[in-house]
Amino acid sequence: MSLLVVGLSHRSAPVSVLERASLPVDAQTKLLHDTLAAEPAAEAAVLATCNRIELYADVDKFHAGVAELSTLLARHSGVGLEELTPYLYVHYEDRAVHHLFSVACGLDSMVVGEGQILGQIKDALARGQEQHTAGRLINDLFQQALRVGKRAHSETGIDRAGQSLVTFGLEQLAVGEPVERWAAGRRALVIGAGSMSALAATTLARLGVRELVIANRTPERAERLAAALSAAGEVRAQAVAMSAVADELTRADIAVSCTGATGLVLTAEAVAAALAEHVVPESAPAVNLRAPEGSLVARLAAVAARDGRVAELPGAAEATGFTAPGSAAEGTECPVGLAADHGPEGVDGTGGAAHDLALHGVWAENAEYTERGPAVPSRVRPLSAGPVRLALLDLAMPRDIDAAVHRLAGVRLVDIESLAEASADAPMAADVDQVRTLVSDEVAAFGAAQRAARITPTVVALRTMAADVVESEMARLDGRLTGLDERQRAEVTQTVRRVVDKLLHAPTVRVKQLASEPGGAGYADALRTLFDLDPETVASVSRADLNDADVKNRGRV
């Protein structure tokens, strides 16, 4: 049997495909059982996170296994096989081990070095054990992956290269401002109480938000999380029902959502309604944007107004931001007659030139967004100019927050898609090379151990056969030498056993060494042929060993 993994991730597929292919927990369970029902697979595990879906299986046929696992992924994800196939990757044997170990170390994460993946690998193994789909290979593989991941974080500086997806998302929301200063004193809403939401709540509390509200479909989980955070003394936290989200959104400055919902949790209409009733914190001072009297800007504005160059700007003073007349958002041409890619050339030298350039700049920046049309925007800035009144972080897959909220004035949205774009340019630490070396060494050691383990049932069967020969010969000797007392018989038996053990010791040790090397799988067959071992006996040893491993490993994740 051989290890095979078929999957897709943020590295191989666009977020839109990942979102459609995401698997809720019940679908993962069904996929596990259907995989075992398929002919090529003997055991299986599913690793499903916000940016990857991977199916691991122990198969006896490579091509049949790839075809079957790909078909099962397509069937359970609801994405057609023809559409899904271009985004799938396949790893086999040592390459599959290398892939999982790299994932466990955070080398394949959207944010390199993040440690959340270890908990997700642990959950995948626990689910396989609960459903009895994880046998000896999957148990050994996933438990070793957890150990390798922990080694990478404890023995190298990979943590300096990466951070949690939550922290990275909050940094994107802060847009260049130190995230601690950006978050301090704000009111935050966290929707969901799972592991990712708990991490978000803990991170926000550490960053110094003024108040934290946690909403969840299961109130008890939200209450436990809120109580734990309040007890730590870092923030005033409270739990609310999901029905209160709309009301809480009107008072929130930051909202983080990560639930297992299959539909939208926050629609564009709901966010727009919350903004319409948004409560401005009393501590937020009013900002005077009027230029000082006598300043250059004030004089230029006065000249422009006198010459009739400033048109009426409805809503310009509103908190939702400034919308230039004839801006690209209105679908018209630049109000000063310049092309979107036009520079200062063509602007006259009168006193209104500065106003023309400013007006053109607003129009051009708006054009940058509207050229995308109805597609999901990838920017994290709000569409219109003006202050950000509500910062939204969507860490769910499929998404919790309607992408259309990106076009609402006063809203900044960061989701998995924008995080994928931002992380593509993130610098990697030098420690990553050290982790890659560690992974390579661990893959070699794991492969050697697995290859050696494959010959163990044959060696055990050989020693069992030898022990049976000794017992048979001693029984024959008892019939011929009836005068032997117990001490003499024990001495003869021990002597015969020592002879057999010494004869078998060197060959069995050597065959284990040879079997641990690449291409050593044939030595087990050679032993079975040379000693005429019954295949059924070897198989029974394998089954007994597998059952022992299952009992030993269950619950050790």
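## Exercises on a predicted model

G194 sits in the loop between β5 (187-191) and α11 (195-207). The model is predicted.

**Exercise 1.** Is G194 buried or exposed, or partly exposed? Classify G194 by its relative accessibility.

*Solution.* Step one: take the value, 26% for G194. Step two: apply the cut-offs, buried under 20% and exposed over 50%. G194 therefore counts as partly exposed.

**Exercise 2.** Locate M196 and describe its surroundings.

*Solution.* Start with the annotation. The unreviewed UniProt entry marks G192, A193, G194, S195, M196 and S197 as "binding site". Of these residues, M196 is included in the lining of the largest cavity. Next, the element: M196 belongs to helix α11. Then accessibility: M196 has a relative accessible area of 10%, so M196 is buried. Last, contacts. Neighbours within four places in sequence are set aside; M196 then touches Q116, L165, V166, C258 and L395.

**Exercise 3.** Explain why C50 forms no disulfide.

*Solution.* Find the closest cysteine sulfur to that of C50: it is in C258, 6.9 Å away. Compare with the cut-off: a disulfide needs sulfur atoms within 2.5 Å. The distance is too far, so there is no bond. The count for the structure is 0 disulfides. As for burial, C50 is buried at 12% relative accessibility. C105 is also buried, at 0%.

**Exercise 4.** Summarise the fold in numbers.

*Solution.* Count elements: 21 helices and 10 strands. Check burial: 46% of the 557 residues are buried. Check contact range: among contacts between residues at least 6 apart in sequence, 72% join residues at least 24 apart. Finish with the surface: about 26,900 Å² is accessible, and carbon and sulfur atoms hold 54% of that.

Conventions: Residues numbered from 1 in each chain as written. Predicted model: local features only at pLDDT ≥ 70, side-chain atom pairs only at ≥ 80, totals over all residues. Heavy atoms only, no water. Buried < 20%, exposed > 50% of the residue type's maximum accessible area, 1.4 Å probe, protein only. Helix = DSSP H or I, 4+ residues; strand = E, 2+ residues; numbered from the N terminus. Contact = heavy atoms within 4.5 Å. Areas by Shrake-Rupley, 256 points an atom, 1.4 Å probe, with all protein chains shown as cover. UniProt positions renumbered as here; feature names shortened; annotations may be inferred. 1 Å grid on protein atoms, 1.4 Å probe; cavity = no way out; pocket = protein on both sides within 12 Å on 5 of 7 lines; lining within 4 Å.
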